[in-house]
Amino acid sequence: MLTIDSIASLRKIVGQWRGQGESVGFVPTMGNLHEGHLKLVEEAKKHIDRVVVSIFVNPLQFGPTEDFSAYPRTPSEDASMLGICGVDLLYLPATNEIYPEGLEGGVYVEVPNISDELCGFFRPGHFRGVATIVCKLLNQVQPDLAVFGQKDYQQLMVIQRLVSGLNMPVKIMSVPTVRELDGLAKSSRNVYLSEDERPNAAMIFKSLNLAADRLNSGSRDFDLIVEEQTTFLTRLGFRVDYFSIRNPDNLQLSHESERRFVILVAAHLGRARLIDNLCCPSG
Ligand code: PAF
């Protein structure tokens with residue numbers, strides 16, 4: 001595996017691959033890799049010849065009171081995991097390579113409406129930061145395929161709109177959430193959970209399943225389902241940002257006449273802000 005930190009080296013290497021007629025896949029990450037990320041790499045490898053992974057903790061997607069400086073950084077463990085997985089190129093850009101004009105003065109990308117709801121409401125500016133970095137990285141790597149996890153469902157939709165709205169010639173592939181044995185979605189932020197909090201954290205997935213059971217058995221009282229699960233989580237010590245039942249294609253609030261739903265939740269447990277979602281019916 002080659003490791004580089006500049007756009008110039010990235011372009012040179014990817015250009016050589018392209019010259020040999022090879023296709024290129026890309027997995028952008030913020031590091032502190034876990035099985036969820038490795039699954040993205042594994043899926044990418046099924047479809048293309050070469051895989052590029054980036055690690056960049058993007059300051060633009062963190063709010064002023066959020067965990068940018070505390071965000072777990074494990075560069076050497078990450079590099080050895082990626083080497084073992086057969087990644088071809090690890091791209092580790094510095095902040096001034098990505099934002100040469102600084103965070104304030106540069107160009108940014110905004111995907112309207114969908115970015116303002118759910119996580120976007122509780123984390124103002126977050127999806128602007130995500131759309132901007134993903135747009136920059138896609139322009140830098142110019143992959144045929146880019147792979148993202150379904151755990152960040154809203155992020156995935158923002159990125160799909162970004163790519164279609166700007167006519168970017170890349171296919172976006174999504175990969176199902178990888179979970180711990182008790183159902184907790186794998187996430188870099190799980191390291192913030194204390195030993196006491198950890199068993200309770202799995203209840204976030206339980207709450208999604210309880211809501212899905214209600215929908216599957218015919219209930220369309222969305223407000224009641226949301227209230228029940230918000231209460232369930234609150235009693236367990238979560239501070240719920242939202243629990244919401246939405247249309248899986250556009251993230252609008254669900255209507256009674258619809259048959260497909262995505263249930264989304266974001267809740268704080270101690271220092272950790274956990275997000276998860278479940279499509280219903282599944283599959
Ligand atoms: O999902 C993430 O890890 C990040 O939001 C991403 C897509 C790498 C952009 O910084």
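Is Cys119 buried or exposed? Select Cys119 and see: this residue is buried, with a relative accessible area of 7% (buried means under 20%, exposed over 50%, partly exposed in between, using a 1.4 Å probe and protein chains only).

Before going on, some ground rules. This is a predicted model, where local features need pLDDT of at least 70 and side-chain atom pairs count only at pLDDT 80 or more, while totals for chains, interfaces and linings use all residues. Residues are numbered from 1 along each chain as its sequence is written, and side-chain values use heavy atoms, with hydrogens and water left out.

**Stop 1: the cysteines**

Stay on Cys119. It is in no disulfide (a pair of cysteine sulfur atoms within 2.5 Å), and the nearest cysteine sulfur, in Cys279, is 15 Å away. Jump to Cys279, which is partly exposed at 32% relative accessible area. Its sulfur sits 8.6 Å from the closest cysteine sulfur, in Cys280, and that is too far for a bond. The disulfide count by this rule is zero.

**Stop 2: the β8–β9 hairpin**

Now select residues 272–280, strand β9 (strands are DSSP E runs of at least two residues, helices H or I runs of at least four, numbered from the N terminus). Eight of its nine residues are buried, so β9 is largely enclosed by the rest of the structure. Add β8, residues 261–269: the two strands pair in the antiparallel sense over nine bridges (pairing takes at least two DSSP bridges). Look across from Arg273 in β9 and you'll find His268. Two residues separate the strands of this hairpin, and Gly270 has a positive phi near 60 degrees there. Just past β9 lies Pro281, joined to Cys280 by a cis peptide bond with omega about -5 degrees.

**Stop 3: two leucines with positive phi**

Pick Leu118, in the loop between α5 (102–105) and α6 (119–122). Its phi is near 50 degrees, positive in a residue other than glycine, and at 6% relative accessibility it is buried. Then try Leu251, in the loop between β7 (239–246) and β8. Leu251 has a phi of about 65 degrees and is buried too, at 3%.

**Stop 4: the ligand**

Finally, show everything around the ligand (a heavy atom within 4 Å): Pro28, Thr29, Met30, Gln61, Ile133, Phe148 and Gln155. Polar side-chain atoms of two glutamines lie by ligand oxygens, Gln61 at 2.6 Å and Gln155 at 2.7 Å. The protein covers 88% of the 290 Å² of accessible area the ligand has on its own (Shrake-Rupley method, 1.4 Å probe).

Notes: Polar contact = N/O pair within 3.5 Å; in protein donor to acceptor, adjacent residues only side chain to side chain.
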